[in-house]
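Hi,

Here is the structure I said I would pass on to you. Have a look at it first, and then read my notes below.

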Amino acid sequence: MTDEPLVLGIETSCDETGVGIVRGETLLVDAIASSVDEHARFGGVVPEVASRAHLEAMVPTIERACATAGVALTDLDGIAVTSGPGLAGALMVGVASAKALGIGLGVPVYGVNHLASHVAVDIVEHGPLPEPTMALLVSGGHSSLLLVPDVTDDIRPLGSTIDDAAGEAFDKVARVLGLPFPGGPHIDRAARDGAIEIDFPRGLTSGRDMERHRYDFSFSGLKTAVSRWVQARQAAGEDVPVADVAASFQEAVTDVLTRKAILACQEQGVGHLQIGGGVAANTRLRAMAQERCDRAGIQLRVPRPGLCTDNGAMVASLGAQMMAKGRVPSGLDFPADSSMPVTDVHNEPAGPASAHDALHAG
Ligand code: KG4
Ligand code: ZN
């Protein structure tokens with residue numbers, strides 16, 4: 001026996017129903033059901049379709065996770081669930097499921113932040129997080145640079161995208177190139193045979209833009225530049241060199257992401273960089289980050305691709321850290337919060353004052 005907490009994590013913020021089970025810092029299982037195929041023909045995630053798919057997948061995915069890990073629900077010490085940010089209806093399915101499990105089993109429930117979970121997942125891959133760690137989170141919904149003194153309690157946003165998220169740019173450019181949704185993996189694959197010879201813009205990296213947005217990102221101008229370049233080719237009746245455009249676009253994104261992340265490490269005196277989120281699965285980003293971190297004397301941590309995209313293990317990992325550090329559980333009245341700020345790592349229980357206010361509101 002071990003006294004490390006056994007935690008089941010539920011993730012439903014977007015189109016993946018993720019259920020992971022973690023004991024302390026050890027991943028026992030990461031079960032996923034994805035509705036991505038149902039969204040493909042719309043070229044983006046449709047919230048109602050995602051919510052319904054979560055409802056259908058929730059119980060079977062929990063059962064599959066427990067069976068694979070050889071864990072009975074009654075063995076669990078706690079439940080963690082993504083309470084935000086994400087799609088409201090999708091989050092609600094996870095939050096309601098977690099509360100039901102918590103009540104049924106008589107164990108604490110932690111409503112946790114999706115972004116913090118992307119950081120915490122690396123603990124089950126590479127061990128305890130150095131404190132502080134710099135985290136670069138890049139996915140379809142967010143592109144953030146975070147200073148993380150303590151992943152259970154203290155996350156400080158340094159910068160983020162001012163328009164499109166990095167993954168969103170991959171998805172939109174893929175569309176322009178006639179590649180399927182979600183576009184990231186297809187651009188990644190196409191780029192392997194391409195030459196990096198088109199000089200696409202690097203947003204917010206020079207002059208006053210850089211001064212004002214030192215740690216921020218912008219990918220909308222890049223997306224437009226790629227679009228215009230492709231349209232000009234088509235208008236001239238020429239073939240579009242898909243592989244070259246993919247490689248050159250990917251180079252521009254990874255150049256900016258790694259440049260700013262390393263700058264932040266150097267300026268904030270942080271020796272470790274962690275990269276997470278779906279775009280962290282990108283082959284070129286992983287290679288370039290490794291090269292540049294090696295040169296700068298920074299330790300790079302990137303989880304395996306399957307743990308970079310949304311999953312339940314990341315939520316279970318953060319929940320296990322919460323329990324190990326004795327953080328107070330969320331209670332049962334926390335909401336699904338589609339715009340939960342990253343500074344709220346988990347839902348604090350409502351105190352006596354706010355319970356009183358709620359009772360007498362209206
Ligand atoms: O973290 P994630 O699964 O979901 C969100 O929270 O958004 O990230 C999904 C995003 C999509 O935009 C997808 O195109 C991108 O991650 N992505 C990639 C790769 N794999 C997934 N982008 C670039 N290269 C990849 N290999
Ligand atoms: Zn995510």
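**The zinc site**

His-114 and His-118 sit four residues apart in helix 4 (residues 114-120), so about one helical turn separates them. Both of these histidines are buried. Before you go further, keep in mind that this is a predicted model.

What do the two histidines do here? Together with Asp-310 (OD), His-114 (NE2) and His-118 (NE2) are the protein donors of the zinc ion (ligand 2), at 2.1 to 2.2 Å from it. Written as a sequence pattern, the spacing of the donor residues is H-x3-H-x191-D. The arrangement counts as irregular because the four donor atoms around the zinc ion (ligand 2) subtend angles of 90 to 154 degrees.

**Salt bridges**

How many salt bridges are there in the whole structure? A search finds 17. One of them joins Lys-325 to Glu-131, with the closest N and O atoms 3.1 Å apart. Lys-325 is in the loop between helix 13 (313-324) and helix 14 (352-360), while Glu-131 is in the loop between helix 5 (122-126) and strand 6 (133-138), so this pair ties together parts that are 194 residues apart in sequence.

Asp-255 is a nice one to click on. Its salt bridge with Arg-202 has the closest N and O atoms 2.9 Å apart. Asp-255 belongs to helix 10 (residues 242-268) and Arg-202 to the loop between helix 7 (183-191) and helix 8 (207-212), so parts 53 residues apart in sequence are tied together. Asp-255 also forms a salt bridge with Arg-292, again with the closest N and O atoms at 2.9 Å. That pair links helix 10 to helix 11 (residues 283-296), across 37 residues. Asp-255 is buried, at 8% relative accessible area, whereas Arg-202 is partly exposed at 24% and Arg-292 is partly exposed at 23%. These three are part of a salt-bridge network that also includes Asp-199 and Arg-259.

**Cysteines**

Don't look for disulfides: the count is zero. Why is Cys-14 not in one? The closest cysteine sulfur, in Cys-308, is 16 Å from its own, which is too far for a bond. Cys-308 is in no disulfide either, as the nearest cysteine sulfur, that of Cys-293, is 14 Å away.

**How far to trust it**

The chain averages a pLDDT of 94, and 96% of the residues score at least 70. Over residues 354-362, though, pLDDT stays under 50, and the model has zero contacts for them beyond four places in sequence. Where pLDDT is low, don't read the predicted coordinates in detail.

Cheers

Key: Residues are numbered from 1 along each chain as its sequence is written. Chains are lettered from A and ligands numbered from 1 in the order in which they are written. This is a predicted model: local features need pLDDT of at least 70, side-chain atom pairs count only at pLDDT 80 or more; totals for chains, interfaces and linings use all residues. Side-chain values use heavy atoms; hydrogens and water are left out. A disulfide is a pair of cysteine sulfur atoms within 2.5 Å. pLDDT is the predictor's confidence in each residue, from 0 to 100. Contact means heavy atoms within 4.5 Å. Donors are N, O and S atoms within 2.8 Å of the metal (3.2 Å for Na, K and Ca); water is not among the atoms, so sites may look incomplete. Four donors count as tetrahedral if all angles lie between 85 and 135 degrees; four count as square planar and six as octahedral if opposite donors are over 155 degrees apart and all others between 65 and 115; anything else is irregular. Helices (H or I, at least four residues) and strands (E, at least two) are DSSP runs, numbered from the N terminus. Buried means under 20% relative accessible area, exposed over 50%, partly exposed in between (1.4 Å probe, protein chains only). A salt bridge is a side-chain nitrogen of Lys or Arg within 4 Å of a carboxyl oxygen of Asp or Glu.
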